[in-house]
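Work through the exercises below with the sequence and the model open. Each task is followed by a solution in steps.

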Amino acid sequence: FRFCLDQDWINKSPAARLRCPKPSRKTKDSGHLVMRDTLDNLQLSPAMSNMVHVMWLTGLRISEVYRIQPEDVHESELHIRCDTENRTKSARGRTVNVSASCHARLRLLTMSQLPAEHLVRKTLKEESRRLGVSPAITPHAFRHTRASLWAAEGKSLVQIQHWLGHSDQRTTQGYIHPLPGQLRENVA
């Protein structure tokens with residue numbers, strides 16, 4: 001751009017308007033990630049516990065958990081299919097691999113009456129307060145946690161992007177945070 005300015009081809013650099021985006025509080029630290037020890041200490045009803053574990057293990061949005069149908073949980077293969085028929089926020093179908101324990105939870109989830117979303121959020125907030133976790137745990141924190149755990153396991157950004165259902169890798173990068181242990185290792 002400097003050359004074009006010097007030649008008087010343009011009157012100002014188009015890059016002059018660009019500013020580096022200000023990072024949000026959540027991108028600075030891993031305080032909002034829900035690690036396994038915190039997850040295990042939550043005192044939840046069986047149905048709510050299944051929901052929370054499924055979100056933590058799969059990275060599904062809470063709205064997608066409510067829309068899981070029995071036919072989405074495949075018996076022979078360990079994965080869940082999120083179809084595009086008004087079942088995902090982005091209307092992008094995707095398949096997420098799951099563990100055997102998550103597969104069992106998904107089957108139970110499709111057969112049980114799920115608590116209302118506002119009750120899940122309220123209970124997570126109360127449990128956060130009880131455990132002294134700040135900021136409070138939200139259903140969306142499980143998505144950030146799963147993306148960060150996949151990255152720590154060495155999964156590629158493209159694969160994580162697919163599993164989360166993002167159309168842009170920059171969105172996926174915003175979900176990946178250093179795990180608490182990684183922060184300590186980098187400081188030492």
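**Exercise 1. A salt bridge within one helix**

Is Arg130 buried, partly exposed or exposed? Then describe its salt bridge.

Solution. The model is a predicted one.
Step 1. Buried requires under 20% relative accessible area and exposed requires over 50%. Arg130 has a relative accessible area of 41%, so Arg130 is partly exposed.
Step 2. The salt-bridge partner of Arg130 is Glu127, with 2.7 Å between the closest N and O atoms.
Step 3. Glu127 has 8% relative accessibility and therefore counts as buried.
Step 4. Both residues belong to helix α7 (residues 117-131); because they are three residues apart there, about one helical turn separates them.

**Exercise 2. A network of salt bridges**

Find how many salt bridges the whole structure holds, and work out which residues are linked with Arg61 in a network.

Solution.
Step 1. The search of the whole structure gives six salt bridges. Side chains of opposite charge can pair when their charged atoms come close.
Step 2. One of the six joins the side chains of Arg61 and Glu64, at 2.7 Å from N to O.
Step 3. Glu64 also forms a salt bridge with Arg94, where the closest N and O atoms are 2.7 Å apart. This second pair connects distant parts of the chain: Glu64 is in helix α5 (residues 62-66), Arg94 is in strand β2 (residues 94-97), and the two positions lie 30 residues apart in the count along the sequence.
Step 4. Arg61, Glu64 and Arg94 are thus linked in a network of salt bridges.
Step 5. Check burial. Arg61 and Glu64 are both buried. The value for Glu64 is 2% relative accessibility, and Arg94 is buried with a relative accessible area of 1%.

**Exercise 3. The two strands**

State in which sense β1 and β2 pair, and sort the residues of β2 into a covered and an uncovered face.

Solution.
Step 1. Strand β1 (residues 79-82) pairs with β2 in the antiparallel sense, over four bridges. In this pairing His79 stands opposite Asn97 of β2.
Step 2. Arg94 and Val96 make up the covered face of β2, while Thr95 and Asn97 make up the uncovered face.
Step 3. Now take Arg81, which is found in strand β1. Arg81 has 29% relative accessibility and so counts as partly exposed.
Step 4. Arg81 and Arg94 are 13 residues apart in sequence, and their C-alpha atoms are 6.0 Å apart in space.
Step 5. Leaving out residues up to four places away in sequence, Arg81 touches Asp72, His74, Gly93, Arg94 and Thr95.

**Exercise 4. Aromatic rings**

Classify the pair formed by Trp150 and Trp163, and say which parts of the chain the pair ties together.

Solution.
Step 1. A pair of aromatic rings is described by the distance of the centres and the angle of the planes.
Step 2. The count comes to one aromatic pair. Trp150 and Trp163 form it, with 4.6 Å from centre to centre and 50 degrees between the planes.
Step 3. Planes under 30 degrees apart would be stacked and planes over 60 edge-to-face; the pair is tilted.
Step 4. Trp150 lies in helix α8 (residues 139-152) and Trp163 in helix α9 (residues 157-164), so the pair ties together parts 13 residues apart in sequence.
Step 5. Trp150 is buried, at a relative accessible area of 6%, and Trp163 counts as buried at 7%.
Step 6. Another ring has a charge over its face: Arg146 lies over Trp56, at 4.9 Å from the ring centre.

**Exercise 5. The nonpolar core**

Determine how many residues the largest nonpolar core has and which element gives the most to this core.

Solution.
Step 1. The largest nonpolar core has 38 residues, and those with the most contacts inside it are Val52, Ile68, Ile80, Leu106 and Phe142.
Step 2. At least two core residues come from each of α4 (46-58), α5, β1, α6 (100-111), α7, α8 and α9. Helix α4 gives the most, with seven residues.
Step 3. Neighbours within four places in sequence aside, Val52 is in contact with Leu39, Leu42, Leu44, Leu124 and Phe142.
Step 4. For the protein as a whole, 38% of the 188 residues count as buried.

Conventions: Residues are numbered from 1 along each chain as its sequence is written. This is a predicted model: local features need pLDDT of at least 70, side-chain atom pairs count only at pLDDT 80 or more; totals for chains, interfaces and linings use all residues. Side-chain values use heavy atoms; hydrogens and water are left out. A salt bridge is a side-chain nitrogen of Lys or Arg within 4 Å of a carboxyl oxygen of Asp or Glu. Buried means under 20% relative accessible area, exposed over 50%, partly exposed in between (1.4 Å probe, protein chains only). Rings of Phe, Tyr and Trp (its six-membered ring) pair if their centres lie within 6.5 Å; planes under 30 degrees apart count as stacked, over 60 as edge-to-face and the rest as tilted. A charge sits over a ring if NZ of Lys or CZ of Arg is within 6 Å of the ring centre and within 35 degrees of the ring normal. Two strands pair if DSSP finds at least two bridges between them. A nonpolar core is a set of buried Ala, Val, Leu, Ile, Met, Phe, Trp, Tyr and Cys residues joined through side-chain atoms within 4.5 Å. Contact means heavy atoms within 4.5 Å.
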